[in-house]
Amino acid sequence: MTGKVGAWPFVRLKLRLTANGLRGRSSRIALFVLGALFAGFFAIVGYSSFAIPGVADSLFAAESALPLGGAALVLGWLFLPLVFFGVDESLDPARFALLPLHRRTLITGLFAAALAGLPALATLVASAGMVDTVARLGGPAAAGVQAVGILLGLLLCVAVSRAVTSAFATALRSRRSRDLAAISLALLAAAIGPLQLAALAGAQRADWDTVASVSRVVAWTPLGAPYSIGLDVAAGRAWQVPLKLLISLAAIAALLWWWSRTVESAMVGTAGSSTNRTSASTRSPVDLLLLRWAPRTRFGALVSREIRYWWRDARRRANLITFSIASLFLPISLAVSTSSPGGTTIFVGVLAALALANQFGFDGTAYAANITTGVPGRVEINARAVAHAIYTIPMLLATATLIAVLSADPARLAGTLGLLLAAYGVGLGLVLPLSIRAAYALPDTPNPFAMSSGGGAAKGFLTLAVLLAGVVVSLPLQLIALFTAPVWLWIGLPAGIAYGAAGYLIGSGIAADQLDKRMPELLAAVTPNR
Amino acid sequence: MSLGGLVKRFDTKLAVAGVSLEVPAGSFYGLLGPNGAGKTTTLSMAVGLLRPDEGRALLLGYDVWADPTAAKARLGVLPDGVRLFDRLTGPELLGYHGLLRGMDAATVDQRARELLEVLELGAGNRTLVVDYSAGMKKKIGLACALLHAPRLLVLDEPFEAVDPVSAALIRDILQRYVAGGGTVVFSSHVMEIVERLCDHVAIMSSGVLRMHGPLDQVRGDKSLEEVFVQVVGGRVATGSELAWL
């Protein structure tokens, strides 16, 4: 009994899973509504921004803004899942491994299901602003062509995000190739970095002709091609439309093909390579667990286990790698574009703390061991923060050094590090209570970017909100640093450490109290539904 | 162990509807029930992993919800369907559990080595627990529960997925433990094991205790399986259906 299977059952399955995930769970519904609000906000802002050139009746502005804006959308779909959101893996490809489905059917279905979601809808509405602009400039025919363009653009966005995250997940899954994956990720970021620098440097000189010429080039790449075809009709270059359509379709087809390759390996290869390290060790169990300097106590055991987990768990490792890259490239790009990288410092510091936002979700049901052994909340929270800080503080030091070098002012090192540490401490103070109140289960898939079904985007937005809050709370210190610039060189580091420590102590105290009261509830929250 | 009127609701479904159970000290207690009977839910509430909606649980006289530190210090648990910190190696995992229990490092080392040898997991084995077979995972979980020499062991499905040789070994360990004055409570749906090991049994279905007491009293002159099927109900044979199979 093998009938023809289309894409529609996959979409219905996805929607059904989302709805069931929400049923009877008010906190999830709240998160979902929050996510919907953010998506709506993004859609409205995006629509109105893309509609501006049309309202201003400027073909020149439109020819700059539309391809570049479209390219920004595609890049956003590429990078945001990697850094913040994760991918909604409610339809885990591995679950379909045993069903008699052709690869083509499966990919079409998964692709259609990926399109059925808030982010895709928001993107579509936002890019509809381009149709508005083109309609004002070139009439209904051009608008029709642009409408086809934005639909293709949406397909491109979703295909890019799926293909890249799936490829990364496959690469990071097997322990053998993790180093390779780390390098390729770094290379990718390294390729984006200089590009971004060039773009920002160009934008800084505010030479509109340069922007327009960049935009003309982008319009011929897959990033901008689908978003520029309506304009071509409006500008009387209709001959370009078929070529650009071809570019877009080829890009989408190539991405889908790439995705189908990695999905296939994800379906069969979940067992992973069990590198059986046969060389038996003669060291004692406690010595094997503890790092050399760790105290032989409960605290030492917790810290050592966490440190090993940050590296051995693919999800956590992906988190560390993306943060380390972000922490290096954000200051570079912003230091080039603006004279004061101060805002970035705070941003990087808070971003570091975000890794702990769902720290118990990483553990999943394994956290039960800490409950049955009766670990007090304060020890648990402090140990986890210390383990994370051991990875993070050297990175922050590297960021501070980088900023000092970039601004050609080595004396700024101490003050910048102070700001970073303050922001990190405040970020931890905000994130730790959140990690207990808003913990959520991660699915039992080996995909480090996978999120559980239901309100996946909303959880990403919640962390964004924390990021904002962290920046706001750190702002006073930033202002002090700005107004006392000469003195800040000297007091920056101690003042920053004090500010961060205060933030951490308040937040971790609240978190420890909550943990003592809510251990079983926390365990239930991080247990994946089976 | 003494459970008094434990109740747990999930959304609207009543998973455990008022379970009261007295486990005498030094007994080998088997908790029987079909899938979905509420065994795991009951044991989770008894050991402090799941907060009951009503009722209370005393472990060796300490209330696990009012005085968790005292109760948990005397308790060893092997939960089912719960992952271990499986990205540690076996020895590392035992070291972790030992130190979390507040034991001193020398004792942890000595006991962990002994447990790893006896359970044939290898004291120098550097395979991560995540790469262990299902049976090996059960064994390392049991080792973690035994490490601090608790007076009460609560084991959820300790014999599931364990090969016959290892099962015999685990049986021997548990029998010695009870002979030494320890108390074991474990859940299972394998009659033979319960019949062979336990001196007390309880039968659960649909969140309610149907029967409990000393094995001979529950069993009467029938086999435990007959009693179980009779108490729980349900069909054990097919009629004319499935003719196409």
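Biologist: Let me get the terms straight: buried means under 20% relative accessible area, exposed over 50%, and partly exposed in between, with a 1.4 Å probe and protein chains only. By that rule, is D363(A) buried or exposed?

Modeller: D363(A) is buried, at a relative accessible area of 1%. Before going on: this is a predicted model, where local features need pLDDT of at least 70, side-chain atom pairs count only at pLDDT 80 or more, and totals for chains, interfaces and linings use all residues. Residues are numbered from 1 along each chain as its sequence is written, chains are lettered from A and ligands numbered from 1 in the order in which they are written, and side-chain values use heavy atoms, leaving out hydrogens and water.

Biologist: Got it. Where is D363(A), then?

Modeller: In helix α14 of chain A, residues 359-363. Helices here are DSSP runs of H or I with at least four residues, strands are E runs of at least two, and both are numbered from the N terminus.

Biologist: And which side chain does D363(A) pair with?

Modeller: The side chain of R316(A), through a polar contact of 2.7 Å. A polar contact is a pair of N or O atoms within 3.5 Å; within protein, one must be able to donate a hydrogen and the other to accept it, and residues adjacent in sequence count only if both atoms are side-chain atoms.

Biologist: What else is D363(A) in contact with?

Modeller: Leaving aside neighbours within four places in sequence, the list for D363(A) includes R305(A), E306(A) and R384(A), plus R83(B) and F85(B) from chain B. Contact means heavy atoms within 4.5 Å.

Biologist: Let's zoom out. How many helices and strands are in each chain?

Modeller: Chain A has 19 helices and 2 strands, while chain B has 9 helices and 10 strands. Buried residues make up 51% of the 530 residues in chain A and 54% of the 245 residues in chain B.

Biologist: What about contacts that link distant parts of the sequence?

Modeller: Take contacts between residues at least 6 apart in sequence: in chain A, 80% of them join residues at least 24 apart. In chain B, that share is 65%.

Biologist: Now the long stuff. What span should α16 of chain A have?

Modeller: The expected span is 1.5 Å times one less than the number of residues. For the 30 residues of α16(A), residues 377-406, that gives 44 Å, and the end C-alpha atoms are 42 Å apart, which agrees.

Biologist: Where is the kink in α16(A)?

Modeller: At I390(A), shortly before the proline P394(A), and the kink is about 35°. The bend at a residue is the angle between axes fitted to the seven residues ending there and the seven starting there. After α16(A) comes A408(A), with a positive phi near 50°.

Biologist: Which residues sit at the heart of the nonpolar packing?

Modeller: A nonpolar core is a set of buried Ala, Val, Leu, Ile, Met, Phe, Trp, Tyr and Cys residues joined through side-chain atoms within 4.5 Å. The largest one has 76 residues, and Y367(A), L428(A), L515(A) and M1(B) touch the most other members. Helix α17 of chain A, residues 412-437, gives the largest share, 10 residues. There's a second, separate core of 67 residues, which includes A369(A) and I193(B).

Biologist: What does M1(B) touch?

Modeller: Not counting residues up to four places away in sequence, M1(B) touches several residues, among them L21(B), A46(B), L58(B), L152(B) and V185(B).

Biologist: Any cysteine story? How many disulfides are there?

Modeller: The structure holds 0 over all chains, taking a disulfide as a pair of cysteine sulfur atoms within 2.5 Å. Both C144(B), at 5% relative accessible area, and C198(B), at 6%, are buried.

Biologist: Back to chain contacts. Which residues does L99(B) touch?

Modeller: L99(B), in helix α3 of chain B, residues 90-100, is buried at 1% relative accessible area. Beyond four places in sequence, L99(B) touches residues including V286(A), L289(A), R296(A), A301(A) and V108(B).

Biologist: One last residue: is Q146(A) buried or exposed?

Modeller: Buried, at 0% relative accessibility. Q146(A) is in helix α5 of chain A, residues 118-173, and a polar atom of the Q146(A) side chain lies 2.8 Å from the backbone nitrogen of G230(A). Contacts of Q146(A) beyond four places in sequence include L66(A), M130(A), Y227(A) and L231(A).
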